[in-house]
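Please open the structure in your viewer and keep the selection tool at hand. The stops below say what to select next and what is there.

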Amino acid sequence: MDVVTVGVGVGVVRGVELLVRQVSHWQQPRWSAAASVGNVSRADLVHRLVQEIANLAADAEGQPRRLVPRLDNDLALPDQLRVVAADLLAANPSEEALARAATEVTATRTAL
């Protein structure tokens, strides 16, 4: 990775940390509430982010995209987000993929 890519990667890490800090203490009613955009719950919105980051990681690894399971307990979403973000960073993604991930994380934080 070059210096710019590393910098964008740090932005992804920071964005994920902020999002996890924002939501990790939520209980089920807060996850079930509607997000500020679209007609989806906050949990659905975060799961969509988890899936998007998992897709970016699969693309960076040259692997097929796979569905990230939607677990019965929404309180697991912050952990799922941490895992797929770590997978993305470990896959040596392009600067473009990292920038897209950072944008998606920021948009999700704003919509919550």
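## First stop: Arg 42

Select Arg 42 and the residues around it. Apart from neighbours within four places in sequence, Arg 42 is in contact with Trp 26, Arg 30, Trp 31, Ala 33, Ala 34, Ala 35 and Leu 112. Keep in mind that this is a predicted model. Arg 42 belongs to helix 3, which covers residues 42–61.

Now add the backbone of Arg 30 to the view. The backbone oxygen of Arg 30 is reached by the side chain of Arg 42 at 3.3 Å. Which side chain of opposite charge is nearest to Arg 42? It belongs to Asp 74, and it is 11 Å away. Arg 42 has no salt bridge, although it is buried.

## Step back: the whole chain

Clear the selection and show the chain as a cartoon. How many helices and strands does the chain have? There are five helices and zero strands, and the pattern read along the sequence is α-α-α-α-α. With a radius of gyration of 14 Å, close to the 13 Å given by the globule rule for 112 residues, the chain is as compact as a globular protein of that length.

Turn the model to view it along its principal axes. Taken along these axes, the C-alpha atoms fill a box of roughly 45 × 25 × 25 Å.

Next, switch to a surface view. The chain exposes about 6,100 Å², and carbon and sulfur atoms supply 55% of that area. Of the 112 residues in the chain, 43% are buried. If you display contacts, look at those with a separation of 6 or more: residues 24 or more positions apart account for 72% of them.

## Second stop: Glu 104 and Arg 48

Select Glu 104, which is found in helix 5 (residues 95–111). Is Glu 104 buried or exposed? Its relative accessible area is 18%, under the 20% limit, so Glu 104 counts as buried.

Show the surroundings of Glu 104. Not counting residues up to four places away in sequence, Glu 104 touches Arg 48, Leu 49 and Glu 52. Add the side chain of Arg 48: a polar contact of 3.0 Å links it to the side chain of Glu 104. The two side chains also meet in a salt bridge, at 3.0 Å from N to O. Because Glu 104 lies in helix 5 and Arg 48 in helix 3, this pair ties together parts that are 56 residues apart in sequence. Arg 48 is partly exposed, with a relative accessible area of 38%.

## Third stop: Asp 44, Arg 70 and Asp 74

Return to helix 3 and select Asp 44, which lies there. Asp 44 counts as partly exposed, at 34% relative accessibility. Place a distance label between the C-alpha atoms of Asp 44 and Trp 31: they are separated by 8.5 Å, and the two residues are 13 apart along the chain.

Add Arg 70. The side chains of Asp 44 and Arg 70 make a polar contact at 2.5 Å. Arg 70 is partly exposed, its relative accessible area being 34%.

Then add Asp 74. Arg 70 and Asp 74 form a salt bridge in which the closest N and O atoms are 2.8 Å apart. Is Asp 74 buried or exposed? Asp 74 is buried, with a relative accessible area of 9%. This is the side chain named at the first stop, 11 Å from Arg 42.

## Last stop: Arg 82 and Asp 79

Select helix 4 (residues 77–90), where Arg 82 and Asp 79 are three residues apart, a separation of about one helical turn. Their side chains meet in a salt bridge at 2.7 Å, N to O. Both ends of the pair are partly exposed: Arg 82 has a relative accessible area of 42%, and Asp 79 has one of 43%.

Bring the third-stop selection back beside this pair. Asp 44, Arg 70 and Asp 74 are joined into one network by salt bridges that share partners. How many salt bridges does the count come to? The count is seven; among them are Glu 104 with Arg 48, Arg 70 with Asp 74 and Arg 82 with Asp 79.

Note on methods:
Residues are numbered from 1 along each chain as its sequence is written. This is a predicted model: local features need pLDDT of at least 70, side-chain atom pairs count only at pLDDT 80 or more; totals for chains, interfaces and linings use all residues. Side-chain values use heavy atoms; hydrogens and water are left out. Helices (H or I, at least four residues) and strands (E, at least two) are DSSP runs, numbered from the N terminus. Buried means under 20% relative accessible area, exposed over 50%, partly exposed in between (1.4 Å probe, protein chains only). Lys and Arg count as positive and Asp and Glu as negative; His and the chain ends are not counted. A salt bridge is a side-chain nitrogen of Lys or Arg within 4 Å of a carboxyl oxygen of Asp or Glu. A polar contact is a pair of N or O atoms within 3.5 Å; within protein, one must be able to donate a hydrogen and the other to accept it, and residues adjacent in sequence count only if both atoms are side-chain atoms. Contact means heavy atoms within 4.5 Å. The radius of gyration is taken over C-alpha atoms; the globule rule is 2.2 Å times the number of residues to the power 0.38. Accessible areas come from the Shrake-Rupley method with a 1.4 Å probe; for residues, only the protein chains shown count as cover.
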